[in-house]
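New to this one? Take a look at the chain below, and then we can walk through it together.

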Amino acid sequence: MGRQMKLLTKLALCSRFRLNELRYTKDQRMKRRYFFIGLLMAVLMVMVVIYICGLSYGLVSLGMGYLVPAVLTLLVSGVTFIYTVFQAGPVLFDQHTYENQITLPVTVRTIIISRFLSMYVINMLAGMGIMIPGLAVYGVLERPGILFYLYGLVSMIFLPLLPLTAASIAGALITGVSSRWKKSNLAATGLTLILICLILASSFWLSGKEENQLMDLVQQAAVLLEQQIQSIYPPAMWVTQALVQGKTGMLALFLFISAAGFVLFLEILQRYYEKICSLLASHIAKGNYHMKRLSSSTIVYSMTKRELRHYFSSVVYVTNTLVGEVLMVFLAVGVFVMGRENIEQMFQIPGLLERVLPVMCGMLPAMMPVSACSISIEGKQWWMMQTLPVSIKEIVYSKVLTSIIIAFPFYLVSEILLLAALKPDPVNAVCLIFVPAVYIVFLSVAGVALNLKLPLMEWESEVRVVKQSASVFLMIPAGIASGVAPAGILIYFYHIPAYMIYGALVCLFTGGGLILKNRICKNNKYIFL
């Protein structure tokens, strides 16, 4: 069983990261593509390490060094839970892969554990990337004993188990409940978005409460932070007590709860796994079809309707690409609730909010536009698009228009809240309205162009396209840079009127979008991948 589990886990990891293709391919273009993706991932890892080191150093400098393990544990657990809850359903209950594997001489338990391990290995490595730099900074500054390092190593190995189990249960419940509804994909999308909104709302509420206390006194902030971590995720404090105070009992409690939760989940799941997969894959067909009046429409309109149907039929696609739009609405709600005066008093810079808010609102949905994987999501059906009597221009227009339509309701709600909260003068109002709109349009075009250059057409799970494709990896830092760079210019050159900088930015994005669109539409070789 151990050998079978190892082989299935290795197969899942190789398939997810295309390791065999990278190892054995003779295509130099593909090798260069993987090289640049690896280089990008290395840059992102360096950025994360710098941030974690700065966070740990700041806590130690404020006299809250003993909370470094708790904060890092809470951070790793939160990232693991959020990342896993999106893919738990498609990965654990993939009926197509299950049908292929169950014909092999393996047990259901082996299949479940191998799928769980494939997620565990990824999250464990990511967790170590967060924990090791932070604990290293704490170790250099505080000089703890040898038990700190031993207990820290053991904790990092078991750390992903509990959030992985909780996220798997949540993902299974969302998939199971939604599959029984008439509009199963819409129901699963709604339940997942509700869960995301609850997590974001609770985190914003807690962070706002903490900042108010930090304004009073650092010591009170430390006590409050410890209480909040204890209330949110008690295992984080168990890890802290084990590492900082050397309490072996707390470490044993953490290891026992993590392992016991996983074992209990595994024992329950394997009893009903086959039935769950069958139920999730089943569909009820009704024989009450009635012919209605046929109608015709333009090619772009028809293809946009097709794109929207395809988009909302994929829960993974929706929940991963709408996070930026949801964050934009939460930003607007936060400004509306707190008020301009309180925010400016917090930063001690008058007019800062109105100066940088347009670019921040544009950056959030731009980090992951729908169009960044709109070509790859076609998969093996892409050849059908090439057989239709449509041009590349119409394909690009439909995919860009779909991305804009999906972002528009969130953009509209955010603008209404921000205009009501800030009551800006006409010039600032124009900037607040047009700059985010230009961001959404430009990066929708850029997403299609990048995805055409870096397509991923051979995949078995949509999780791989939405989370692990090259175009997505490149689009996220590009979207962040498109907001951070102008914000830095706006702050550094505070004496220059904001509308002048925004005017140059709008001209740059408009010209860049037109150039990309013309290049794609005129160069038909992009469509033959």
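What follows is a short tour of confidence, cores and surface.

First, keep in mind that this is a predicted model. The protein chain has an average pLDDT of 78, and 80% of the residues reach at least 70. Confidence peaks in helix α7 (residues 146-158), with a mean of 90, and drops to its lowest in helix α9 (residues 184-214), where the mean is 51. Two stretches deserve some caution. Residues 206-219 stay under a pLDDT of 50, and residues 524-529 are below 50 as well. Here they are next to each other:

| Stretch | pLDDT | Contacts in the model |
|---|---|---|
| residues 206-219 | under 50 | 12 contacts beyond four places in sequence |
| residues 524-529 | below 50 | 15 contacts beyond near neighbours in sequence |

Now for the inside. The largest nonpolar core is made of 51 residues, and L72, F116, M131 and L243 have the most contacts inside it. Quite a few helices supply two or more residues to this core: α1 (2-17), α3, α4 (68-92), α6 (108-142), α7, α8 (161-179), α11 (234-245) and α12 (248-281). The top contributor is α6, which gives 12 residues.

L72 makes a handy place to zoom in. Setting aside neighbours within four places in sequence, L72 touches I52, S56, I130, M131, G134 and L135. One of these partners, M131, is also among the residues with the most contacts inside the core. There's a second core too, separate from this one, with 20 residues, including V435, F442, M475 and L490.

Next, the surface. F35, F36, L39, V43 and M47 come together as a nonpolar patch with about 520 Å² of accessible area between them. L39 sits in helix α3 (residues 28-61). Is L39 buried, partly exposed or exposed? L39 counts as partly exposed because its relative accessibility is 44%, and that class covers values between the 20% and 50% limits.

Finally, try finding I480 in helix α22 (residues 470-492). I480 has a relative accessibility of 32%, so this residue counts as partly exposed too. Which residues does I480 contact, leaving aside neighbours within four places in sequence? They are M363 and M367. L364 is worth a look as well: I480 and L364 are 116 residues apart along the chain, yet their C-alpha atoms are separated by 7.8 Å.

Methods. Residues are numbered from 1 along each chain as its sequence is written. This is a predicted model: local features need pLDDT of at least 70, side-chain atom pairs count only at pLDDT 80 or more; totals for chains, interfaces and linings use all residues. Side-chain values use heavy atoms; hydrogens and water are left out. pLDDT is the predictor's confidence in each residue, from 0 to 100. Helices (H or I, at least four residues) and strands (E, at least two) are DSSP runs, numbered from the N terminus. Contact means heavy atoms within 4.5 Å. Patches are made of residues with over 30% relative accessible area and no salt bridge: like charges are joined within 9 Å, nonpolar side chains (Val, Leu, Ile, Met, Phe, Trp, Tyr) within 5 Å. Accessible areas come from the Shrake-Rupley method with a 1.4 Å probe; for residues, only the protein chains shown count as cover. A salt bridge is a side-chain nitrogen of Lys or Arg within 4 Å of a carboxyl oxygen of Asp or Glu. Buried means under 20% relative accessible area, exposed over 50%, partly exposed in between (1.4 Å probe, protein chains only). A nonpolar core is a set of buried Ala, Val, Leu, Ile, Met, Phe, Trp, Tyr and Cys residues joined through side-chain atoms within 4.5 Å.
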